[in-house]
Amino acid sequence: MASPVRTTCPYCGVGCGVLAHADGNITGDPGHPANRGRLCSKGAALAETLSPEGRLLHPQIGGREASWDAALGLIANTFRRTLENDGPDAVAFYVSGQFLTEDYYIANKLMKGFFGSANIDTNSRLCMASSVAGHVRAFGEDVVPGGYDDVEQADLVVLVGSNLAWCHPVLYQRLAAAKEARGTRVVVIDPRCTATCELADLHLAIRPGTDVALFAGLLVHLDESGRADADAGTGFAETLAAARRAAPSLRAIAARIDVPEADIARFFDWFAAIERTVTLYSQGVNQSAAGTDKVNAIVNCHLATGRIGRAGMGPLSLTGQPNAMGGREVGGLANQLAAHMGFGDAEIDRVRRFWNASRVARRPGLKAVELFDAVLDGRVKALWILGTNPAASMPRADRVREALAACPFVAVSDCWPTDTTRFAHVVLPVAGWGEKDGTVTNSERCISRQQPFRRAPGEARPDWWALCQVARRMGWDEAFAYRAPADIFREHAALSGFENGGSRVFDIGGLAHLDNAAYEELPPVRWPVASTAALPNGTSRLFTDGLFPTADGRARFVPTEYRPLAEPTGTDRPFVLNTGRLRDQWHTMTRTGRVPRLMSHRSAPAIEVHPDDAKRLGLAGDGLARLENCHGVAVMPVRLTTEQRTGEAFAAMHWTDAFTSAGPVARLVGGATDPVSGQPELKATPVALSPVAALWRGLLLRRDGLPPPGAFYWARVPLERGHAFELAGWEPLRGGHGSEAWVASVMGAPASAELIIYADPGRGVFRYAAVAGERLESCLFLARRADALPSREMATAAFDSPVPADTRLGLLCGDTARPCDSGRTVCTCFGVGLETLQAAIVERRLASVAEIGAALRAGTNCGSCIPEISAILRQGDARG
């Protein structure tokens, strides 16, 4: 049998190595330093995402199939004409952390070196731009000092704004193993009591946006307890003065962040006393209008205690995307030039000479939020969006859609139809994961190969190829005459080392002379890499000598003033809306939303609120709520949870128009941005919540995934052989069941299908089935209450077998007691539901995660469900 292909997972920034086997199986790579063979629930399901069904297979112009030549020619001619008539500021690229580094490099080179504009930004602006800015302010360069091994060597790990258990599950498992082996203390700082808190010795449920006050108080405590070294960097006195203003006393901190004084004091004492301390932070820090200050407030505390550049110590930013770091390396953000260089005269000249480019961009370009504002007001007239879905993921999503609709020219490159491709004049089909060839860099600076193991379907092509083809059609043949990704990587590596001389930490010049064979076999390596002799390890820890890439070689303390939320709540919008990720989903679900078992853990969007708030507002669990502010409106189900602070609400970012009538929650998120990084505030938007009375409930099963027409709530869940839709309506149906025309339009069955009807008007129950031959085409179940509907599991079983004529009425007359319903899925890998777990715990007297694993297999594969299983066990213990 052929050897497996070594490649890298396309999801989060942990950057796990995977093995693609000849039989189609996907497993973790035990030889990769990031995961050592482990995969999370999403990674374990990668093989199920590879179906070509629904993929974009051919270029399109105006919604019609076209040749590559015609599509590329139209893009090239439009950008050329726009540059000639309106200048370089009238064009823009919006790209993606899903790009490989080689894709990023070509896009950046074309825009900044040959279009003469820095109007290229990336969805990574929404992910880690504040970390970039914080690193540059403190260290002189965007450099992550340590890595994952430090997490395992630490005696105290502080997680800030990071639901590690769900968003970086493999790293969570490494931390959990370290805690079990060596007793690592864990502090979680997060407004929500997330799954990660199952590992915590202390949880500080701070008020949203108050991180700066907490870490300013920590810096003051470190100074007053004699733990701070004022000479560890420049600017300590000014920084300490700002910290005293933000945190004048323990009582003031407690009042500001809404956490008991005793808990704050315990955290301060632990941080001061435990030398081996790592602070892991993620989107709860970065996705803020004060994100850069939050980063620097954390870094200040590590600098003051000398906890950088040493084993088991340091701040570590966890990126959300698989190659956000690679984009930072090449300069794929609008405020960078290339290879960790900015827009100084000497840097511009250096890049100009290296690229042999006559019109290099001379100033930063438009960051993501302001870029789409420029599209809306007409300053940007030609836009190419590659590998991302801003119509669903950008703040003020409705405004972004308005901008795309108004733009004279929009090109979109993607694997699947998305909310954004609907606005494109030209759509290009591109290669996806398993088809692309190149490199990615994870959160700990580890460069890994992403290798193809299958052919791209139809006419799909790599992003770098399409970009090069446009460049060559615009007259830059020689500058973009790459034959393969290895050519691009060598040039990228060479630029990092060009006239570097140690002035920039990012230097992989030692890889610039890899031949094609060496590139193919490149092992995971952490930069900087001065020569191939450093392979395979590279450089694990930076700043070990205490020297930083600043003019004087010293780190910089950065004063951070506490600022209230950019958009404060008020009587008309009293709730703070927080948005984020779920365990089994990814971004806007263009990949994970196609896998039924990944939809089983949380199958529909929900607004999570505290029961006390629900009681006050009249909201019911599984009822409907209306969310509203000046940016948008959405109606979605309510989930009651004490994990949520009162006065606050949480909604997952993933659902889009393709999956729910509620559309993307990003339509409610405002446009406030960090003044330094330009990263938008995604964690604290004021909203109003109000109950919506559901007059009827429904369950719809269809073979196709087309959304049902009508003014009611729906959410789609993919099945193995069709799609299920949860329905709820706030307008009465005619006769309690709707007209025949309405039923037919919702069911979407072929006209030739036989319609079977079961009606029980007294109970308010109506059921319909459309059968063609012996094949069930669709089913519709309507009732006044949700508990009068059959379970989705029972209803979908009919899709798996023929429906003979003599059994058709029985199809609709079945009991709704749900005897085979195992409840909401907890373990995605083995399909173990909540009710199954609870019953087994009681009946078999299971008392540990290990015993549950032995009995039900739950938690024994990827481990992503272990925090939830632990919580279920704890809740069982609490009930006695």
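**Stop 1: strand 25**

Select strand 25, residues 648–652, in this predicted model. Glu648, Phe650 and Ala652 point one way from the strand. Ala649 and Ala651 point the other way. Which of these residues are buried? All of them are. Buried here means under 20% relative accessible area. Five of the five residues of strand 25 meet that mark, so the strand is largely enclosed by the rest of the structure.

Now add strand 21, residues 575–580. Strand 21 and strand 25 run parallel, joined by five bridges. Pick Val576 and look across to strand 25: Glu648 stands opposite.

**Stop 2: helix 26**

Move on to residues 834–843, which form helix 26. Colour Leu837, Ala840 and Ile841: these residues of the helix are buried. Why do they line one face of helix 26? Look down the helix axis: the buried residues fall within an arc of 100 degrees, so they share one face. There is a general pattern behind this view. An α-helix has 3.6 residues a turn, so residues three or four places apart point the same way.

Next, turn to the face directed away from the buried side. Which exposed residues does that face of helix 26 carry? They are Val842 and Glu843. Then step past the end of the helix to Arg845, which follows helix 26. Arg845 has a positive phi, near 55 degrees.

**Stop 3: a sheet of three strands**

Go to the open sheet with strand order 1-2-3. Pairing in this sheet is antiparallel. Which strands are at the edges? Select strand 1 (5–8) and strand 3 (26–28): each pairs on one side only. Check the twist as you rotate the view. Neighbouring strands of this sheet are turned by 35 degrees against each other on average, direction ignored.

Zoom in on strand 1 and strand 2, the latter covering residues 17–20. Four bridges pair these two strands in the antiparallel sense. Click Val5, then find its bridge partner in strand 2: Ala20.

**Stop 4: a cavity**

Finish with empty space. How many cavities of 30 Å³ or more does a search of the whole structure find? The search finds eight. Visit the second largest, with a volume of about 80 Å³. To outline this cavity, select Cys9, Tyr11, Cys12, Gly15, Cys16, Leu39, Cys40, Gly43, Pro169 and Val170. Now colour the lining by class. Eight of the lining residues are nonpolar and two are polar. No charged residues line this cavity.

Key
Residues numbered from 1 in each chain as written. Predicted model: local features only at pLDDT ≥ 70, side-chain atom pairs only at ≥ 80, totals over all residues. Heavy atoms only, no water. 1 Å grid on protein atoms, 1.4 Å probe; cavity = no way out; pocket = protein on both sides within 12 Å on 5 of 7 lines; lining within 4 Å. Points joined across faces, edges and corners; volume = space filled by probe spheres on them. Nonpolar A, V, L, I, M, F, W, Y, C, P; charged D, E, K, R; others polar. Buried < 20%, exposed > 50% of the residue type's maximum accessible area, 1.4 Å probe, protein only. Arc of directions from axis to C-beta. Pairing = 2+ DSSP bridges. Axes fitted to C-alpha atoms, helices over the stretch in contact; angles between N-to-C directions.
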